[in-house]
Amino acid sequence: VQLADWQGLVTGRTDPSNPLIVEVPLGQSPAGSSGAFLVEASDRKRWWVKPLNNKQSPRIVVSEHVVGRMARLIDAPACEVAVVRIPSALAGWEFRQGARLAPGLAHASMAVDAALESRSLESRDRDDNRKRHAGVYALHDWCWGEDQQWLYSETGDRKLFSHDHGHYLPNSTGWSEASLTQQVDMAHALHFPADGIDRAESERIAARLQTITRTELQEILLGVPISWPVTDRELEVLGFFLGRRAVQVAGRLQAMMARLP
């Protein structure tokens, strides 16, 4: 995969014509540096929302959306993501003390029931986490994970979900064409012991990474709203970054499993 392969492939982006609508805020942001807050949306489901004027960076919504969609491509255990619209009727609502909503498109991550957050990759022997952890290792390397944190469902036998991907990609919220091209061929391993990870699931993910197509990546990048703070060219370089890394990550995942007893 070469950078020139992506020239002109991300053009004509629009804002979605029929996104989910934030209908009822369920409370102010309780914690976390971005100020994410819980809502009920037009699908009657609960979502954690990060608006463009979150407390960290407007670029967070781009990383959150792209990494969440990449996780879905390889069936990694990440929370479902969506683009939601904050209607004018909610303009000015204080989602955190001193921070007020502006209408427009925002990022949303589906809420996990009875979730506890941890920065430790744990409970591998619970639920199907032996399989789910394999996806965590792959996603972290592929999308350059940082600020690692996971949710564990206390009503789902500690089932793991990867979430809060706003600081993924090289140089975090400051990622750029330069940071992507400079790091594209570098490994970015997750430094937790891999003992006990499901081998068959690791092989499945490795095989999937080897078959990711440019068209699949292009579709996701074209779905980034035009009103969000990222250029077409930046997304093209991101497509190159993810496309080139996919096969490399597959090989590293296989090598990691081969080293285990």
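How many aromatic pairs does the count come to? The answer is three, and keep in mind as we go that this is a predicted model. Let's start with one of those pairs and then work outwards to the sheets and helices.

Take F37 and F95. Their ring centres sit 5.5 Å apart and their planes meet at 35 degrees, so this pair counts as tilted; the stacked label is kept for planes under 30 degrees apart, and edge-to-face for those over 60. Now look at where the two residues come from. F37 belongs to strand 2 (residues 37-41) and F95 to strand 5 (residues 94-96), so the pair ties together parts that are 58 residues apart in sequence. Both F37 and F95 are buried. They also have company: W93 joins F37 and F95 in one aromatic cluster.

Rings here have charged neighbours too. R59 lies over the face of W175, 4.3 Å from the ring centre. Elsewhere, the ring of Y152 has the charged end of R158 over it, at 4.5 Å from its centre.

Next, the barrel. Strand 2, the home of F37, is one of five strands that close into a barrel, in the order 1-2-3-7-4 and with mixed pairing. From one strand to the next, the twist averages 55 degrees. As a general point, strands of a sheet pair through backbone hydrogen bonds, either parallel or antiparallel. For an antiparallel case, follow strand 3 (residues 46-50) alongside strand 7 (residues 104-110), where the pairing runs over four bridges. Pick out K50 and you'll find its bridge partner in strand 7, namely H107. Helix 1 (residues 60-73) lies across strand 3, strand 7 and strand 4 (81-86), and runs at about 145 degrees to strand 4.

Then there's an open sheet, made of three strands in the order 8-9-10 with antiparallel pairing. Which strands are its edges? Strand 8 (115-118) and strand 10 (159-162) are, as each pairs on one side only. Neighbouring strands in this sheet are turned by 30 degrees against each other on average, direction ignored. Strand 9 (residues 150-153) meets strand 10 in the antiparallel sense over four bridges, and W150 stands opposite S162 of strand 10. This sheet has a helix across it as well: helix 2 (residues 129-142) lies across strand 9 and strand 10, running at about 15 degrees to strand 10.

How values were computed
Residues numbered from 1 in each chain as written. Predicted model: local features only at pLDDT ≥ 70, side-chain atom pairs only at ≥ 80, totals over all residues. Heavy atoms only, no water. Phe/Tyr/Trp six-rings, centres within 6.5 Å; stacked < 30°, edge-to-face > 60°. Helix = DSSP H or I, 4+ residues; strand = E, 2+ residues; numbered from the N terminus. Buried < 20%, exposed > 50% of the residue type's maximum accessible area, 1.4 Å probe, protein only. Lys NZ or Arg CZ within 6 Å of the ring centre and 35° of its normal. Pairing = 2+ DSSP bridges. Axes fitted to C-alpha atoms, helices over the stretch in contact; angles between N-to-C directions. Contact = heavy atoms within 4.5 Å.
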